[in-house]
Amino acid sequence: RDGWYEAESPGYTATSITALLQIADHAPQPAVRLLARRQLDLLFADWAQRSVGGFPAGPKSRSYVHWSLGAGNTPWLAWAWMAAGLGDARSVWLMDWPEIAASGYVIPEPVARLLAGRRRQPAYEIRVRRSIALTGRRDLDTALYSFATPDYILGSAQSLRGLSLGVSGGQEIMATLYPAGREFAPLYLWSRTQNARADRWKSWAGHDFTVGARNVVLARLAFGSETEGEGTGHAYLSAPWEPPQRVGDDVVVSRYGDTYVALVTAGGWDVEPAPRRFPRYYGGDPAYSKAWVAVPRVQPAAVALEA
């Protein structure tokens, strides 16, 4: 009735899709099976229009470290290969999501065509409005924006007039840049700095605020008493990005493939390997060993990102 509670989570959306596949195949009532197939059509169409190399781009809700920093922990790349022949079949696998390979449901041909040909489309904007009243917990009230070009998708959760992507348990990513290329190469503006189990439900929704329009995002990072002065707001550039370079005092630039980014903040940047600056968050996995962070020297930080 109201929409999908965690429709922007790369992990929980996949889990919901597998449940819908079971309903589409096995529900006793034909009407229920039809509704499940229609809902699957909508979810896969949404994925196709904001897919970068098979991975769903745009701002993220409930995206834990293994989902946000790696593409191999969700089935999206395998689904993209099955639906549209994207990627290398030798490097994708279905892991804990095998239902689609055995289901009677088939991803519609127009969705597969959009998925395969998204990079040949002219630039377009995706606007999503979600407002869901949740009994006994924080209501979801958010406006999500993505700017899709052949080379990247830049997304932001608009933080205006009380709008927030905050849901149950935090782990939201308010500003995301997913460039197109052979590798999974996200760039995030966020305040995550630790992955201790005791903090797994910590929410950054009250610390990170963004607004975006086309190829520009403005962000307010690490805002609030808990993080003030700790220097936690930063830009995370995954390993495929070129090492960030300073241009003058307040600008840092980098590129991956045909995607170029400029990051601007008053007061300048500290640029370091991610595991050295934030070892508790980026130090535990070799996959992050060559990632970079650009940390504003003034915290809380006001950051502009231009792609």
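Student: Which residues does Thr-176 touch, not counting residues up to four places away in sequence?
Tutor: This is a predicted model, and contacts in it are computed. Leave out residues up to four places away in sequence, and Thr-176 touches Gly-58, Pro-59, Ile-153, Leu-154, Gly-155, Leu-187 and Tyr-188.

Student: Is Thr-176 buried or exposed?
Tutor: Thr-176 is found in strand E6, residues 175–179. Its relative accessibility is 1%. Buried means under 20%. So Thr-176 counts as buried.

Student: Which residue has its backbone oxygen 3.0 Å from a polar atom of the side chain of Thr-176?
Tutor: Look among the residues that Thr-176 touches, which include Gly-58 and Pro-59. The backbone oxygen at 3.0 Å from a polar atom of the Thr-176 side chain is that of Gly-58.

Student: How many residues are in the largest nonpolar core?
Tutor: In soluble globular proteins, nonpolar side chains tend to be buried together. Here, Phe-44, Leu-69, Trp-79, Tyr-236 and Tyr-282 have the most contacts inside the largest core. The number of residues in that core is 44.

Student: Which element gives the most to this core?
Tutor: Elements that each supply at least two residues of the core include helix H1 (12–26), H2, H4 and H6. Strands such as E3 (124–132) and E7 (187–190) also do so. With 6 residues, the one that gives the most is H2.

Student: How many residues does the other core, apart from this one, have?
Tutor: This core lies apart from the largest one. Among its residues are Ala-175, Leu-189, Tyr-256 and Leu-263. Its number of residues is 26.

Student: Which residues is Phe-44 in contact with, leaving aside its neighbours within four places in sequence?
Tutor: Phe-44 is one of the buried residues of H2. Set aside its neighbours within four places in sequence, and its contacts are Ile-17, Trp-79, Ile-100, Tyr-105, Ile-107 and Val-111.

Student: How far apart are the end C-alpha atoms of H2?
Tutor: H2 has 20 residues. At 1.5 Å a residue, it should span 28 Å. The end C-alpha atoms agree with that, because their separation is 29 Å.

Student: What covers the buried residues of H6?
Tutor: Helix H6 covers residues 109–117, and Val-111, Ala-112, Leu-115 and Gly-117 are buried in it. The elements that cover them include H2, strand E1 (51–52) and helix H4 (76–84).

Student: How far apart in space are Gln-49 and Leu-114, C-alpha to C-alpha?
Tutor: Gln-49 is found in helix H2. Leaving aside neighbours within four places in sequence, its contacts include Leu-114, Arg-118 and Tyr-124. Gln-49 and Leu-114 are 65 residues apart in sequence. C-alpha to C-alpha, their distance in space is 6.7 Å.

Student: Which residue in the hairpin of E8 and E9 takes a positive phi?
Tutor: E8 (residues 209–213) and E9 (residues 216–221) pair in the antiparallel sense over 5 bridges. Phe-209 stands opposite Arg-220 in E9. The hairpin has 2 residues between the strands. The residue with a positive phi near 50 degrees is Arg-214.

Student: Is Arg-62 buried or exposed?
Tutor: Arg-62 is found in the loop between E2 and helix H3 (65–68). Phi of Arg-62 is near 45 degrees, a positive value in a residue other than glycine. Its relative accessibility is 8%, so Arg-62 counts as buried.

Student: And Arg-161, buried or exposed?
Tutor: Arg-161 is placed in the loop between strand E5 (152–158) and E6. Its phi, near 50 degrees, is positive too. With a relative accessible area of 90%, Arg-161 is exposed.

Student: Which residue does a cis peptide bond join to Gln-299?
Tutor: Omega of this bond is about -5 degrees. The partner is found in the loop between E15 and strand E16 (301–306). The partner of Gln-299 is Pro-300.

Student: What radius of gyration does the protein chain have?
Tutor: The C-alpha trace spans about 60 × 45 × 35 Å along its principal axes. With 307 residues, a compact globule would have a radius of gyration near 19 Å. The chain agrees with this, because its value is 19 Å.

Terms used:
Residues numbered from 1 in each chain as written. Predicted model: local features only at pLDDT ≥ 70, side-chain atom pairs only at ≥ 80, totals over all residues. Heavy atoms only, no water. Buried < 20%, exposed > 50% of the residue type's maximum accessible area, 1.4 Å probe, protein only. Helix = DSSP H or I, 4+ residues; strand = E, 2+ residues; numbered from the N terminus. Pairing = 2+ DSSP bridges. Contact = heavy atoms within 4.5 Å. Polar contact = N/O pair within 3.5 Å; in protein donor to acceptor, adjacent residues only side chain to side chain. Core = buried A, V, L, I, M, F, W, Y, C linked by side-chain atoms within 4.5 Å. Expected span 1.5 Å × (residues − 1). Rg over C-alpha atoms; globule rule 2.2 N^0.38 Å.
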